[in-house]
Amino acid sequence: MKVLLITGALAEDAVRRYAKESSVETETLALKTAVAALLTPQAIADALKTTKLKGFNMILVPGLVRGETNVISKVTGIPAFKGPRYAADLSTVLDSVCEIQLSTTVSADDLLREKLQRKAMQEIEKTEKNRDELLKKPGSILIGNLAVGKDFPMRVLAEIVDAALMDKKTIQQTAKRFVAAGADVVDIGMVAGESQPEKAKRVVEWVKQVVDLPVSIDTLDPAEIEAAVQAGADLVLSGDAGNIEEIALFASKVAVVIIPTNQRQGYFPKKAQDRVKYLEEIIEKAKKLGVTQCLADLILDPCDVLESFLAFKEFAAKNPEVPLFVGVSNVTELMDADSVGVNAVLARLSSEAGASMLLATEKSDKAKGTVAEEVTAAKMMFLAKKRGSVPKDLGIDLLILKDKRVHEELYDKKLEAGAKVVCASEKSEPSVLDSKGIFKISIDRTEGVLVALHYVSLDMTNPLNIIKGKTADSVYTKIVEKGLVSKLGHAAYLGSELAKAEIALRTGKEYLQDKMMFKE
């Protein structure tokens with residue numbers, strides 16, 4: 001296979017450099033047009049009419065070129081397709097040319113991304129379709145209609161923390177938000193130290209009214225557990241040495257997460273071996289009492305994460321027939337680090353330990369988005385384990401604040417020769433107020449939109465206009481369209497602030513108008 005790579009003058013060096021990373025033989029032809037994106041299929045075809053082309057099996061043009069490449073094929077007699085948008089993706093595309101059907105209209109990186117995503121989802125869907133057979137294997141159980149076990153992706157249980165303190169509307173909104181994020185189970189978190197069986201019953205009923213997923217109850221109080229089970233709860237968190245005899249009377253037909261504690265006596269073994277032995281004893285007792293669907297939670301201690309995972313690993317090796325439940329958010333909530341990375345690593349460790357279900361909570365502001373992060377992480381680790389690979393190049397990822405490959409163009413200092421270079425000051429002069437009015441920018445996270453409140457007086461009591469949109473571009477375009485800004489400086493300011501707000505909306509970071517988003 002020999003491929004001719006067409007590019008513009010400015011990108012020539014980058015194209016040659018990235019092409020060398022592939023094993024496919026290539027030649028690079030830089031046309032006179034400086035910017036590759038400004039090339040057209042006809043211009044490329046015209047340029048190739050006078051070029052001797054021998055031994056080429058394929059021609060790749062920049063993915064940003066508009067129009068179809070058929071005209072190039074007709075002129076040269078060589079199949080011509082769209083390559084990637086960015087040179088950094090060239091080696092990946094070149095190494096995959098025999099695996100994907102390239103397009104004359106769609107850039108190759110889009111095709112490759114779609115193929116990887118489709119392949120990943122198909123693998124997961126195939127497993128779900130085969131669930132009846134997989135459920136016959138030891139270590140698999142049904143919670144409601146949800147199959148849980150090592151042969152399935154780790155399921156994510158999303159807890160509504162302190163649900164007993166919330167009203168019906170908030171509880172149902174939160175439950176629906178968790179379902180939209182991909183949760184497999186919605187968990188009702190009760191208040192420790194209190195017994196509110198009536199509230200437990202009502203909350204389970206409220207949640208089941210709006211979601212079609214298994215619902216669990218998170219409490220050690222037998223009265224609350226009984227009320228929740230009667231209301232239709234499918235899973236109980238948790239049973240331990242202190243309450244298992246009482247809850248076995250009414251929890252025998254649902255699944256129960258068993259923990260190695262006796263909360264009534266304040267006992268929790270710290271060492272992995274002691275934890276495993278104690279949990280085995282409680283589960284054996286639970287089964288004798290009729291609780292047959294047990295999940296094991298060795299408790300992920302945020303003060304001793306390694307010892308906890310050693311306990312999970314040892315228990316799984318000795319008890320492969322019992323699904324593991326890992327409280328990932330025990331650590332995420334108590335670590336001042338971005339949740340996405342923490343959840344990814346904890347999901348990986350949980351997968352290696354043989355976990356079947358993960359706990360996700362979004363109690364603290366820094367943990368917002370954890371449910372969706374754990375859902376993606378669970379799928380990633382399932383695919384990695386199934387393929388016998390590392391969680392990389394799977395078709396799905398958790399890259400949010402950083403990119404796998406850098407596509408930005410390197411700055412060329414040579415461009416400064418003969419140009420007037422002006423260094424902007426970080427301190428800006430106070431601007432004159434726009435006669436058209438002023439704006440307050442905010443975020444409506446419930447609706448997932450940016451909001452620009454337009455005022456015509458400095459008291460900023462009642463806005464004259466409220467512009468809403470999902471992107472900065474849509475909002476400031478509407479502001480300009482309605483003639484609500486008259487000064488260039490004000491327009492530039494609005495664009496900057498709206499861009500910050502959009503980043504905050506997408507990442508979960510806070511937005512404060514006129515304040516820097518990231519620490520220096």
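**A walk through the predicted model**

Let us start with a charged pair: Asp 234 forms a salt bridge with Lys 208, and their closest N and O atoms are 3.5 Å apart. Asp 234 sits in the loop between helix 9 (222-230) and strand 10 (235-239), while Lys 208 belongs to helix 8 (residues 197-210), so the pair ties together parts that are 26 residues apart in sequence. The two partners can be told apart by their surroundings: Asp 234 counts as buried at 18% relative accessibility, and Lys 208 is partly exposed, with a relative accessible area of 33%. Please keep in mind, here and throughout, that this is a predicted model.

Side chains of opposite charge can pair when their charged atoms come close. How many salt bridges does a search of the whole structure find? The search finds 30. One of them joins the side chains of Glu 280 and Lys 318 (3.7 Å, N to O). Glu 280 is part of helix 11 (residues 272-288) and Lys 318 is part of helix 12 (residues 305-318), so this pair ties together parts that are 38 residues apart in sequence. Elsewhere, Arg 85, Asp 110 and Arg 113 are joined into one network by salt bridges that share partners.

A further salt bridge stays inside a single helix. The side chains of Glu 12 and Arg 16 meet at 2.9 Å, N to O, and both residues lie in helix 1, 4 residues apart, about one turn of the helix. Glu 12 counts as partly exposed at 23% relative accessibility, and Arg 16 also counts as partly exposed, at 35%.

Helix 1 leads us to a sheet. Here 4 strands form an open sheet in the order 2-1-3-4, with parallel pairing. Strand 2 (25-30) and strand 4 (80-82) stand at the edges with a single partner strand each, so one side of each has no neighbour in the sheet. From one strand to the next, the twist averages 25°. Helix 1 (residues 12-19) packs on this sheet, where it touches strand 1 and strand 2, and its direction makes about 180° with that of strand 2. Within the sheet, strand 1 (residues 2-7) and strand 3 (residues 58-61) run parallel and are joined by 3 bridges; Leu 4 stands opposite Ile 59 in strand 3.

Now for the interior. In soluble globular proteins, nonpolar side chains tend to be buried together. In this model the largest nonpolar core has 80 residues, and those with the most contacts inside it are Ile 188, Val 207, Ile 258, Leu 298 and Phe 315. Helix 15 (residues 370-387) supplies the largest share of this core, 8 residues. Which residues does Phe 315 contact, leaving aside its neighbours within four places in sequence? They are Val 276, Leu 279, Glu 280, Ile 283, Ala 296, Leu 298, Val 322 and Leu 324. Glu 280 has thus appeared twice, since it is also the salt-bridge partner of Lys 318. Apart from this core lies another, of 19 residues, including Tyr 18, Leu 90, Val 93 and Ala 108.

Thr 361 deserves a stop of its own. This residue is found in strand 14 (residues 355-361). Is Thr 361 buried or exposed? With a relative accessible area of 7%, Thr 361 falls under the 20% cut-off and is therefore buried. Its C-alpha atom is separated by 5.9 Å from that of Ala 158, although the two residues are 203 residues apart along the chain. Not counting residues up to four places away in sequence, Thr 361 touches Glu 159, Val 161, Ser 329, Glu 333, Ala 367 and Thr 370. With Glu 333 there is also a polar contact between the side chains, at 2.7 Å.

We finish at strand 16 (residues 449-455), where 7 of 7 residues are buried. Val 449, Val 451, Leu 453 and Tyr 455 lie on one side, and Leu 450, Ala 452 and His 454 on the other, so both faces are covered. Strand 16 pairs in the antiparallel sense with strand 15 (residues 438-444) over 7 bridges, and Ala 452 is the bridge partner of Ile 441. The hairpin of strand 15 and strand 16 has 4 residues between the strands, and in it Gly 448 takes a positive phi near 75°. Strand 16 also pairs in the antiparallel sense with strand 17 (residues 465-469), over 5 bridges, with Val 451 standing opposite Lys 468.

Methods: Residues are numbered from 1 along each chain as its sequence is written. This is a predicted model: local features need pLDDT of at least 70, side-chain atom pairs count only at pLDDT 80 or more; totals for chains, interfaces and linings use all residues. Side-chain values use heavy atoms; hydrogens and water are left out. Two strands pair if DSSP finds at least two bridges between them. Helices (H or I, at least four residues) and strands (E, at least two) are DSSP runs, numbered from the N terminus. Axes are lines fitted to C-alpha atoms, for helices over the stretch in contact, and angles run from 0 to 180 degrees between N-to-C directions. Contact means heavy atoms within 4.5 Å. A nonpolar core is a set of buried Ala, Val, Leu, Ile, Met, Phe, Trp, Tyr and Cys residues joined through side-chain atoms within 4.5 Å. Buried means under 20% relative accessible area, exposed over 50%, partly exposed in between (1.4 Å probe, protein chains only). A polar contact is a pair of N or O atoms within 3.5 Å; within protein, one must be able to donate a hydrogen and the other to accept it, and residues adjacent in sequence count only if both atoms are side-chain atoms. A salt bridge is a side-chain nitrogen of Lys or Arg within 4 Å of a carboxyl oxygen of Asp or Glu.
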